[in-house]
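Good morning, and thank you for making time for this presentation. I ask that you keep the structure open in your viewer while I speak.

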Amino acid sequence: MLVAKKYVISKHFDGEPKPDDLTLETFELRPIKDGEILVEAEYLSVDPYMRAYNTHLPLGSTMLGGQVAKIIESKNPEFPVGKRIHGYFGWTTHNVLNPDEPSKDLFNAKPYIVPDFGDLPASLALGMLGMPGNTALYGFLEICKPKAGETVVVTSAAGAVGSHVGQIAKMHGLKVIGITGSAEKCKWLVDDLGFDHAINYKTDDVAAALKQAAPDGVDCYFDNVGGEISSTVISQMNLYGRVSVCGSISCYNSGPSNLPKATILQPFVLSNQLEIKGFVVLRWVDRWMEGIEKNLAWIREGKLKYRETVTEGFENMFDAFVGVLKGKNIGKAIVKF
Ligand code: NAP
């Protein structure tokens, strides 16, 4: 019998996640039944949402998360041995599951065979060619409805979603301003990804730097962070500006009863008749493969560049995850099993 490993939630995160909030356990996998498969993790994703959703799960649950896994045993002809599968199997090394059933976690998403990316790494199924990629594609184009010649601001701009949004915006003829947390990230955005400007929110006066970078104001804002940075951006938006609220990582380490305060937005929303809309990417689940194909074509055409911060080893999952919350990643953060 195969012995596997998983991280179990032993304490709900309170403030910054601590190593003993999760316990690494071993467990025995049962034999597979008809319709089921046995999978072994190949790449595991570490994402900001894991901080936000951890407290929604009961203690004793497997820590939630997506992974790309190899099918190593199968009694399901649609999911043969050797294929790669994407699913929300949690922080586990191996799993026995019926791939025809949705995952039992918060997302209720069905696993799928990872399309053939040719010579590109399969880990992209956790980044540009997966959930973050579809978040960038649909969350930006469907909600900001950008037009050539407009100006967009993207926060957490050097991360998985933000770096992708900025590049899509450039393809659509926008002026792109990224806000991020280090000089190295700012340099990457401008020199390698073609952003027009990058602002370091840890060292620059964001309001003054934005006024200088966008003297005619901001038309679209892709908001990954929330809080005071977002209030600053929204206060510089133009008439009929559009805001896509993707995330609010600046408050993920605060409990729901202890959310930080930020400058109120109503005066700007009203006077400039702004549209502010939140979304969860699974609203486009019916267009999932279409999004992956679109992003894959853009990578192949050289219009989209990807970058990954890869941590080796399942035993380093926690450090990789906390690294994302602390801004240590550039591009998509991945753990290689
Ligand atoms: P990411 O941007 O690759 O990584 C998170 C980044 O957040 C860090 O690298 C760090 O970069 C930044 N950060 C951390 N604390 C911050 C703070 N207090 N203020 C400002 N920035 C901070 O992560 P991602 O996966 O692409 O996700 C980006 C955002 O999208 C997150 O808010 C996430 O929850 C959201 N999201 C939403 C959906 C949806 O369906 N709505 C789907 C996917 C992701 P810096 O160095 O720049 O600080």
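I begin with a definition: helices, as I shall use the word, are DSSP runs of H or I with at least four residues, numbered from the N terminus. With that in place, please turn to helix 9, which is followed by Gly-327, a residue with a positive phi near 80°. I should state at once that this is a predicted model.

Let me stay with helix 9. How many of its residues are buried? The count is 8 of 9, and helix 9 is accordingly described as mostly covered. The buried residues are Met-317, Phe-318, Ala-320, Phe-321, Val-322, Gly-323, Val-324 and Leu-325. What do they pack against? Their partners are strand 1 (3-9), strand 2 (22-28), strand 3 (37-45), helix 1 (49-53), strand 14 (308-312) and strand 15 (332-336).

I turn now to the domains. The domain assignment of the chain gives domain 1, comprising 3-127 and 306-336, and domain 2, comprising 131-281. Their C-alpha centres are 29 Å apart. To the contact, domain 1 contributes 20 residues and domain 2 contributes 13 residues.

Where does the ligand lie with respect to these domains? Domain 1 and domain 2 both give residues to the shell around the ligand, and therefore the ligand lies between them. The shell holds 27 residues, and the closest are Ser-156, Lys-185, Tyr-201, Tyr-252 and Asn-329. By class, the shell divides into 14 nonpolar residues, 12 polar residues and 1 charged residue. Helix 2 (131-144), helix 3 and helix 9 (317-325) each provide at least two residues of the shell.

For those who will set up docking or scoring, the polar atom pairs may be of interest. The side chain of Ser-156 places an N or O atom 2.7 Å from an oxygen atom of the ligand. At Asn-224, a backbone N or O atom is 2.9 Å from an oxygen atom of the ligand. At Leu-325, one of the buried residues of helix 9, a backbone N or O atom is 3.5 Å from a nitrogen atom of the ligand. On its own the ligand has 910 Å² of accessible area, and the protein covers 90% of that.

Next, helix 3, where I wish to compare two positions. Ala-160 belongs to helix 3, which spans residues 160-171, and Gln-167 is placed in helix 3 as well. Are these residues buried or exposed? Ala-160 counts as partly exposed because its relative accessibility is 22%, whereas Gln-167 counts as buried because its value is 4%.

Their surroundings are as follows. Beyond its neighbours within four places in sequence, Ala-160 is in contact with Pro-132, Gly-331 and Lys-332. With the same exclusion of residues up to four places away, Gln-167 touches Met-128, Leu-193, Phe-195, Lys-303, Leu-304 and Lys-305. A polar atom of the Gln-167 side chain also lies 3.2 Å from the backbone oxygen of Ser-163.

Helix 6, residues 227-234, is a further enclosed element. Since 6 of its 8 residues are buried, helix 6 is largely enclosed by the rest of the structure. Those buried residues are Ile-229, Ser-230, Ser-231, Thr-232, Val-233 and Ile-234.

Let me now move to the loops. Which residue in the loop between strand 6 (94-97) and strand 7 (112-113) deserves mention? I have chosen Phe-107, which is found in that loop. Phe-107 counts as buried because its relative accessible area is 18%, and the cut-off for buried is under 20%. Apart from residues up to four places away in sequence, Phe-107 touches Tyr-49, Tyr-53, Leu-64, Tyr-88 and Leu-282.

I finish with backbone geometry. Lys-145 is not a glycine, yet its phi is positive, near 45°. Lys-145 is found in the loop between helix 2 and strand 8 (151-155), and it counts as exposed because its relative accessibility is 53%. Gln-273, also not a glycine, has a positive phi of about 50°. Gln-273 lies in the loop between helix 7 (266-271) and strand 13 (275-278), and it counts as partly exposed because its relative accessibility is 45%.

Thank you for your attention; I am happy to take questions.

Definitions and conventions
Residues are numbered from 1 along each chain as its sequence is written. This is a predicted model: local features need pLDDT of at least 70, side-chain atom pairs count only at pLDDT 80 or more; totals for chains, interfaces and linings use all residues. Side-chain values use heavy atoms; hydrogens and water are left out. Buried means under 20% relative accessible area, exposed over 50%, partly exposed in between (1.4 Å probe, protein chains only). Contact means heavy atoms within 4.5 Å. A residue is near a molecule or strand if one of its heavy atoms lies within 4 Å of it. A polar contact is a pair of N or O atoms within 3.5 Å; within protein, one must be able to donate a hydrogen and the other to accept it, and residues adjacent in sequence count only if both atoms are side-chain atoms. Accessible areas come from the Shrake-Rupley method with a 1.4 Å probe; for residues, only the protein chains shown count as cover. Ala, Val, Leu, Ile, Met, Phe, Trp, Tyr, Cys and Pro count as nonpolar, Asp, Glu, Lys and Arg as charged, and the others, Gly among them, as polar. Domain bounds come from an automatic or database domain assignment.
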